[in-house]
Amino acid sequence: MGLLTTWKSKSKAKQSELKSTPSGAAEGDPAQLETAVSTESLMQHIPDGESAAALRNKGKVSTEPIMTVSSVERMFNVGGQPLHVLKGINMQVLPNQLVMLRGRSGSGKTTLLNMLGGLDQPSKGEIWFDGRPFHQLNDNERTRVRRMEIGFIFQAYALMPLLSAWENVELSLRMAGVPKREWKERVAHCLKLVGLERRMHHRPFELSGGEQQRVAIAKAIAHRPKLLLADEPTAELDSQMSAQIMAVFQTIIATEQVTICMTTHDPTILEVADHVYEMVDGKFI
């Protein structure tokens, strides 16, 4: 039984259990009820027996890579000595795929992810994003590309603590220069897409870790990026919450036509990836 199938089965059983409780939320655990409600909302976007890959394949998808990495190396100067972190990386990321960079801490996967997002530049080699030489762009040009076409999800969620879920997502639209008349509809859509329509006015400290990560996902996709980069998005979550985040990823790939590249060291979520790159000591094996 697959990860998402197991999650769906457990979720449906939990919903049946809650529905059979007399007086509903009055006699059940409110936290459990809220989790079941948000899970039920999330599942509405994932038809039974039909994967996200099958859904996105119904439309026409370009076969040209959205990102190409050629012979990339990254070296740092540490104590006057060169530290070779990446050693000749070659990879392609196709549109509407979920790509995982798997490896232990220190393997170089986060360094590579930073370069894919234009946060760092390779010492050698080339990185092409959507037909543009990312490795040749200056800081201002890369910043513009990140703001308009790339979304980031971090392990620590990176939410503004005094803002509600709605306001956090709205902030990303403001920063991307999206016209204000589009904010309300887009924020509501993104939060509903990740199953948080009933929690959209809560602040981060009022949300669980899994809910905070879903807010971070909604925030990252709000400006309609072509590429979503996620650094260990399930590292702080238990197995059930990790499965829900993977379900969210598959949903947004199918509905938002976004490509996702993420780092992980969790072997339990690899089965939902379209492609897995195994990293050891700064290179793929």
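**Strands, helix H8 and the cores**

Colleague: Over how many bridges do strand S1 (residues 67-78) and S2 pair in the antiparallel sense?
Modeller: Strands (E, at least two residues) and helices (H or I, at least four) are DSSP runs, numbered from the N terminus. Two strands pair if DSSP finds at least two bridges between them. One such link is that of Met 75 with His 84 in S2. For S1 and S2, the number of antiparallel bridges is ten.

Colleague: What kind of model is this?
Modeller: Residues are numbered from 1 along each chain as its sequence is written, and side-chain values use heavy atoms, with hydrogens and water left out. Local features need pLDDT of at least 70 and side-chain atom pairs count only at pLDDT 80 or more, while totals for chains, interfaces and linings use all residues, as the model is predicted.

Colleague: Which are the edge strands of the open sheet of four strands?
Modeller: The sheet has the order S2-S1-S4-S5, with antiparallel pairing. An edge strand pairs on one side only. That leaves S2 (81-93) and S5 (132-133).

Colleague: How far apart are the end C-alpha atoms of helix H8 (residues 209-221)?
Modeller: The expected span of a helix is 1.5 Å times one less than its number of residues. With 13 residues, H8 should therefore span 18 Å. The distance in the model agrees with this, at 19 Å.

Colleague: How many of the 13 residues of H8 are buried?
Modeller: Buried means under 20% relative accessible area, exposed over 50%, and partly exposed in between (1.4 Å probe, protein chains only). Among the buried residues of H8 are Gly 210, Arg 214, Lys 219 and Ile 221. H8 is largely enclosed by the rest of the structure, because its buried residues number twelve.

Colleague: Which element gives the largest share of the largest nonpolar core?
Modeller: A nonpolar core is a set of buried Ala, Val, Leu, Ile, Met, Phe, Trp, Tyr and Cys residues joined through side-chain atoms within 4.5 Å. This one has 44 residues, of which Met 100, Leu 191, Phe 249 and Ile 252 touch the most other members. Elements giving two or more residues include strand S3 (98-102), helix H7 (183-193), H8 and helix H9 (239-256). The largest share, seven residues, comes from H9.

Colleague: Which residues of H8 does Ile 252 touch?
Modeller: Contact means heavy atoms within 4.5 Å. Not counting residues up to four places away in sequence, Ile 252 touches residues including Leu 193, Leu 228 and Ile 260. The list also holds two from H8, Ile 217 and Ile 221.
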